[in-house]
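Good morning, colleagues. I should like to take you through one structure today, beginning with how its chains meet. Please look at the sequence and the model as they appear.

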There are 2 protein chains.
Amino acid sequence: MKSYNVAVVGATGMVGQKMLQVLAELKFPVKNLYPMASKRSVGKEIIFNDKSYLVEELCDEAFDQDIDIALFSAGGDTSERFSPVAAAKGVIVIDNSSAFRMDPLVPLVVPEVNPEDLDWHKNIIANPNCSTIQAVVALKPLYDAFGIERIVYSTYQAVSGSGVNGYADLERGIKGEANSFYPHPIAYNVLPHIDVFLDNGYTKEEMKMINETQKILHDDSLRITATTVRVPVYYSHSESVNVELKKPFELSAIRQLYSTALGIVLQDDPGNNVYPLARTAENTDAVYVGRLRRDYSIENGLNLWVVADNIRKGAASNAVQIAFELINRGLI
Amino acid sequence: MKSYNVAVVGATGMVGQKMLQVLAELKFPVKNLYPMASKRSVGKEIIFNDKSYLVEELCDEAFDQDIDIALFSAGGDTSERFSPVAAAKGVIVIDNSSAFRMDPLVPLVVPEVNPEDLDWHKNIIANPNCSTIQAVVALKPLYDAFGIERIVYSTYQAVSGSGVNGYADLERGIKGEANSFYPHPIAYNVLPHIDVFLDNGYTKEEMKMINETQKILHDDSLRITATTVRVPVYYSHSESVNVELKKPFELSAIRQLYSTALGIVLQDDPGNNVYPLARTAENTDAVYVGRLRRDYSIENGLNLWVVADNIRKGAASNAVQIAFELINRGLI
């Protein structure tokens, strides 16, 4: 089997570390690894598949090396600065930041949903926002079978979505110490505030869910609203998803769809207390769907509860799955 | 000022204790207090307004005493058994259980919303479900000014909604101990499961929000769906409320409404990180409303974030406010 030279940019961050773990776990065919980070992490040791690597500095020249794929997870500014450089030097960039997601020349890909968009990539591929990824995996079978008219998202998002700072703030709060990262205590609290506020009163996170869902499903007419909320949970985002389908449906048909859908585990036996849970989803790559119920307040209404590990399927694993899909499609 | 003989049934429970605290804090004119509970609490001492009372046993004969008002918070079975007895003996029962809420002969009252329903009481008045109370306080000004077509509720509910058992389960989980009350760990987790599951896939809590909202607003044509969810928070329920209004609106007009609405505190300055929060609402009687945003996915769509202390406004304080309203209306 052919193997590839892979750079991980932001290799010492929470998502970068998880990317390395997932590359190893899913046995991605890595020939040489190039862990990169900012100056202050240069020289740190990274163990990958029992081999030791030293973190090298992210700079333009780093991409003169023989690199096939670069997984970027180093923030939007870093991606904006270095992704085009890497891409121009022939490296395929899979970028976890929001920098290029809405660029019409950059495919935004969830492999279970729109793998065909990889075919027109121009060396930069965007990895969607964590809360969007799990939602579109759950919505895609419905979209194909019944069409979707409208979506109302309300999310319950883990602190790891803010990286190590969010994680540490919850730990501090639980110990009775003051918050130093979020604007309010997150322990035993609920913050209706993820990312910055925009002029329309929405947060950037809410607009990401709206815009990215439309882009991934190739449907700008899809009507969507969102309220995104941080809860005192370390890993996994949960989502209350209210959907208005275009065509009539039977719940049994939707259960059938989900029982075979790509990347989905149906957990829907409420009588036995079986439904998706953040702590069950932790450290797995599936999207869990349950609490399937007809919404009687409209024709063709449906309620779903959707959970996935935000650092794995919501970030690192989706990026690695994109890399696998590039191989499957003969694009690398 | 006239004063009244008040029984508190379930005086040793979480809500009962809070009822006593609120009666004192809001200076309800109590002449004699009759704390009642089940056998195992009989003889326990209750301090109320610096006076000592002993808990007496809840039994039919207890209501032969000179009691004007009985605040019940001892569970549905106890209310079903003893409320009619008390009512038949001329006591006005304000019942916090779900036993009589949907009884067409029993008014279901939130004083800011439908105080006029007290006028037809037949000695039993039902206190609505916690998650419903705060929602209808927030919805009433919208309902009156613009009409409401449809509501999508997603809730973020505190463990104190399950009483001391829920509270203790979160404490245990934080200490790393196993859950013994909820079917799954609640610490660092999100449970889409409140009260029991019904045949239609909804929980009883979800159907309470739907049915009680319709009853309180006197509008069975109101179209509502709900997903109710437990989060690792001790006090205060938060709610993501998506509303479709009947008439066009300006956000500024809604802000204006809320700035003077009864029982509501508008907290809506997201640029300065001002929005309703569970921990801010704790131990207060207001309903906090914020994150006001147009929902662009429909005509006349609106998103709200609504928070209140579930034990105070969601239970004890609403019951005491009903008692005050009985006085205001000359009904006692």
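Through which surface do the copies meet? Before I answer, a word on the source: this is a predicted model, in which local features need pLDDT of at least 70 and side-chain atom pairs count only at pLDDT 80 or more, while totals for chains, interfaces and linings use all residues. Residues are numbered from 1 along each chain as its sequence is written, and chains are lettered from A and ligands numbered from 1 in the order in which they are written.

To the answer: 100% of the interface residues of chain B are also interface residues in chain A, so the copies meet through the same surface. In this interface, 46 residues of chain B are in contact with 46 residues of chain A; contact requires C-beta atoms, placed from the backbone, to lie within 7 Å. On the side of chain B that touches chain A, the elements giving two or more residues include strand S9 (148–156), strand S11 (237–245) and strand S13 (287–295) of chain B. Strands here are DSSP runs of E with at least two residues, and helices are runs of H or I with at least four, numbered from the N terminus.

How are the two copies related? A rotation of 180° with 0.0 Å of shift along its axis superposes chain B on chain A, with an RMSD of 0.0 Å; the fit is by least squares on C-alpha atoms of residues with pLDDT of at least 70 in both. The copies are thus related as by a two-fold rotation axis.

Let us turn to the sheet. In chain B, six strands form an open, parallel sheet in the order S5-S2-S1-S6-S7-S8, where pairing means that DSSP finds at least two bridges between two strands. Strand S5 (56–57) and strand S8 (124–126) of chain B stand at the edges with a single partner strand each, so one side of each is left without a neighbour in the sheet. Helix H2 (residues 76–88) of chain B packs on this sheet, touching S1, S6, S7 and S8 of chain B. Within the sheet, five bridges join strand S1 (residues 4–9) of chain B to strand S2 (residues 30–37) of chain B, and B:Val6 stands opposite B:Leu33 in S2(B).

Finally, a helix pair. Helix H1 (residues 14–25) of chain A packs against helix H8 (residues 312–328) of chain A at an angle of about 50°, their axes 9 Å apart. Axes are lines fitted to C-alpha atoms, for helices over the stretch in contact, and angles run from 0 to 180 degrees between N-to-C directions. The contact involves residues including A:Val15 and A:Met19 of H1(A) and A:Ala316 and A:Val320 of H8(A).

Definitions and conventions:
Two residues are in contact if their C-beta atoms, placed from the backbone, lie within 7 Å.
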